[in-house]
Amino acid sequence: MLVDTHCHLDDKSFDADRVEVIERARAAGVGLMINIGGTLAGSRRGVELAAAEQGIYATVGIDPFGARERQTGDIEAVGALAEKEGVVGIGEIGLDYHHRHTSAEDQAEVLMEMLELAVAQGLPVSLHCREAHSEMLSILEGARELSGVMHCFSGDEADLARVLGMGLYISAGGPLSYSRSRSLRSMVKEMPRDKFLLETDSPYLPPQGHRGERNEPAYLPLVSETLAGEWDISRQEADELTTRNARRLFGLGEAPGTVAYRTKESVYVNLTNRCTSRCVFCHREEAPVINGQDLRLRREPCAREVREALREDRESEEVVFCGYGEPLLRLGLVKTIAGELKQAGRRIRVNTNGLAELYHGRAVTPELKGLVDEISISLNSADAGQYSKLCRPQEGERAFPALVDFIKGAAKNIPVVTATAVEYPGVDTEACARLAKELGAEFRVRKLVE
Ligand SMILES: [Zn+2]
């Protein structure tokens with residue numbers, strides 16, 4: 001089974017035979033298709049198509065062409081569409097200096113708005129970039145929370161390294177099979193296989209053998225064939241690998257796992273299993289289980305899925321962002337959900353390792369002001385050297401001073417701030433209590449779970 005991760009089935013060139021095109025794709029083994037938006041109208045058509053047809057998903061967004069066409073209110077309207085069933089991403093969005101539909105400034109402005117939307121909704125992005133790689137990559141590097149794919153990749157090796165360095169995926173379609181695409185093929189040949197997705201970009205860019213025709217998702221096996229040749233594997237293996245990658249990135253038809261779980265008074269929200277620390281006493285890697293609840297996520301939930309998970313629980317007063325993973329790595333999503341819950345009169349707590357400011361490269365606690373009632377920060381040591389040994393932060397020695405700053409910032413911006421230390425051999429809880437007090441925080445000793 002194959003996934004066409006980028007097609008424009010809503011395009012008017014499919015108006016006469018859209019259903020047949022979709023059926024031909026299915027018959028060719030292309031079971032899932034993602035219809036990519038680019039304007040408000042196109043995004044709307046994609047959402048409707050996803051609702052009507054099994055196996056079709058949609059992304060919504062405003063691309064550089066849509067940027068020129070856009071009218072007041074379109075960006076907000078795309079934001080509302082992003083919350084709809086069947087929407088799995090924001091896109092396509094990006095910069096296009098080849099077609100210059102509108103000025104570079106205007107393109108960048110819309111791109112930034114769209115990236116913000118993606119981060120707030122916790123959705124991956126489908127990125128379009130033509131002759132603008134250096135500008136585009138600098139913008140993307142400022143957004144650590146982003147996941148997504150650079151579609152129809154046309155950069156050079158240095159660009160590819162930067163894209164992969166951000167954890168983004170690459171996709172390619174018909175052009176992979178063109179004779180002039182030798183350098184693209186050699187890059188794809190060498191790149192990590194868990195980061196490549198297949199696409200057709202139908203009705204554009206048909207593969208070799210169909211050039212000059214309207215492209216359609218049924219031609220995707222030809223792209224997989226080319227890929228299999230480059231990677232020296234079977235077609236079936238190429239299909240399986242790329243399908244797995246597409247499902248992982250867009251979470252197609254797969255439940256994320258336990259997103260919300262309850263204790264006596266509170267409901268807990270599990271947004272990620274990633275963490276920038278590897279505390280010696282933490283079981284995240286071997287057994288992320290709390291009170292018998294398996295918190296291993298198959299993938300990270302988006303805002304819509306978090307809302308769904310919380311829908312069953314309206315009675316617990318307090319909502320706690322805390323799972324097996326660091327919730328503030330998904331700061332935009334925390335802010336979206338906390339904002340909505342706060343409006344509904346709920347009390348919000350965040351449990352954190354206090355290192356999010358290093359990750360995002362900016363002050364985080366002012367952004368949580370008014371959204372979060374209480375923050376609980378793992379301190380665990382009053383000594384920088386011991387802290388590094390216990391918590392093994394990926395930022396090394398920069399971590400402890402950043403943690404101290406985070407607690408100070410929290411004390412200014414959040415009503416209740418508690419620094420905590422686990423009960424663990426060698427942890428000096430009294431020294432931690434003294435430091436917490438100095439920084440303007442309360443202090444609590446935490447029992448180790450399990
Ligand atoms: Zn496209």
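Where is K264 found? I began my notes on this predicted model with that residue, and I located K264 in the loop between strand 9 (260-262) and strand 10 (266-269).

**Entry on K264**

I then asked whether K264 counts as buried or exposed. I found 5 C-beta neighbours inside 10 Å, and since a residue with 12 or fewer is exposed, K264 counts as exposed. I also looked up a separation between C-alpha atoms, and noted that those of K264 and S316 are 8.4 Å from each other, although the two residues stand 52 residues apart along the chain.

**Entry on the whole chain**

I turned next to the overall make-up and recorded 17 helices and 17 strands in the protein. The radius of gyration came out at 23 Å, close to the 22 Å that the globule rule gives for 450 residues, so I wrote the protein down as being as compact as a globular protein of that length. For its extent, I noted that the C-alpha trace spans about 75 × 45 × 45 Å along the principal axes. Of the 450 residues, 48% are buried. When I considered the contacts between residues at least 6 apart in sequence, I found that 72% of them join residues at least 24 apart.

**Entry on helix 5 and helix 12**

For packed helices I looked up two quantities, because such a pair is described by the angle between the axes and the distance between them. The axes of helix 5 (residues 104-121) and helix 12 (residues 331-343) come within 6 Å, and their crossing angle is roughly 70 degrees. I therefore entered helix 5 and helix 12 as roughly perpendicular to each other. On the side of helix 5 the contact is made by V119, A120 and Q121, while helix 12 contributes G332, L333, K335 and T336. Sorting the residues of this contact by class, I counted three nonpolar, three polar and one charged.

**Entry on helix 9 and helix 10**

At what angle do the axes of helix 9 and helix 10 cross? I read roughly 105 degrees for helix 9 (residues 220-231) against helix 10 (residues 235-250), with the axes coming within 8 Å. Angles from 65 to 115 degrees count as roughly perpendicular, and helix 9 and helix 10 are therefore placed in that class. I listed S224, E225, L227, A228 and W231 as the contact residues of helix 9, and R235, E237, A238, D239 and T242 as those of helix 10. By class, the contact of helix 9 with helix 10 divides into four nonpolar, two polar and four charged residues.

Key
Residues numbered from 1 in each chain as written. Predicted model: local features only at pLDDT ≥ 70, side-chain atom pairs only at ≥ 80, totals over all residues. Axes fitted to C-alpha atoms, helices over the stretch in contact; angles between N-to-C directions. Helix = DSSP H or I, 4+ residues; strand = E, 2+ residues; numbered from the N terminus. Parallel < 35°, antiparallel > 145°, perpendicular 65-115°, else oblique. Contact = placed C-beta atoms within 7 Å. Nonpolar A, V, L, I, M, F, W, Y, C, P; charged D, E, K, R; others polar. Buried ≥ 20, exposed ≤ 12 C-beta atoms within 10 Å, placed from the backbone. Rg over C-alpha atoms; globule rule 2.2 N^0.38 Å.
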